[in-house]
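The following exercises are meant to be worked with the sequence and the coordinates side by side. Try each task before reading its solution.

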Amino acid sequence: QVQLVESGGGLVQPGGSLRLSCAASQSIFSTNSMGWYRQAPGKQRELVASITSGGSTNYVDSVKGRFTISGDHGKNTVYLQMNILKPEDTAVYYCNFDARPTPWDNYREIWGQGTLVTVSS
């Protein structure tokens, strides 16, 4: 079964940067989109950024101009470069693929286990 493995979270001071990475544990037949969600304590999970197989990107307003998503659908990897981090960016960040793992599968969502990002002085 395909798993998504995230890395790159940690503690950073306000104004700092982090780069999150996510890779599939095995080859995936096809991906529609790859993205990053986050969930802060006491809040609902929200979409932070996504990138389609055609390269179109989408960002939540609160991160526009600060975060950049990039990815390689052929290599089943996605990254999130986070700059000018703010305390309100503190959350668990989850990688998400909308994908067909094999030719015999329908498209479905695959989630990573989450990586904690803490922005604090």
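**Exercise 1.** Determine which residues Y93 touches, not counting residues up to four places away in sequence.

*Solution.* Taking contact to mean heavy atoms within 4.5 Å, one finds that Y93 touches E6, L20, W36, Y37, R38, V48, F67, L80, M82, G114, T115 and V117. This is a predicted model, in which local features need pLDDT of at least 70 and side-chain atom pairs count only at pLDDT 80 or more, while totals for chains, interfaces and linings use all residues. Residues are numbered from 1 along each chain as its sequence is written, and side-chain values use heavy atoms, with hydrogens and water left out.

**Exercise 2.** Identify which members of the largest nonpolar core touch the most other members.

*Solution.* Such a core is a set of buried (under 20% relative accessible area, 1.4 Å probe, protein chains only) Ala, Val, Leu, Ile, Met, Phe, Trp, Tyr and Cys residues joined through side-chain atoms within 4.5 Å. Of its 30 residues, W36, V78, L80, M82, Y93 and F97 touch the most others. Among strands (DSSP runs of E, at least two residues, numbered from the N terminus), β9 gives the most to this core, with 5 residues.

**Exercise 3.** Establish the strand order of the open sheet of 4 strands.

*Solution.* Counting two strands as paired if DSSP finds at least two bridges between them, the order is β1-β3-β8-β7, with antiparallel pairing. The edge strands, β1 (4-7) and β7 (67-72), each pair on one side only. Within the sheet, β3 (residues 18-24) and β8 (residues 77-82) pair over 6 bridges, and A23 has T77 in β8 as its bridge partner.

How values were computed: Buried < 20%, exposed > 50% of the residue type's maximum accessible area, 1.4 Å probe, protein only.
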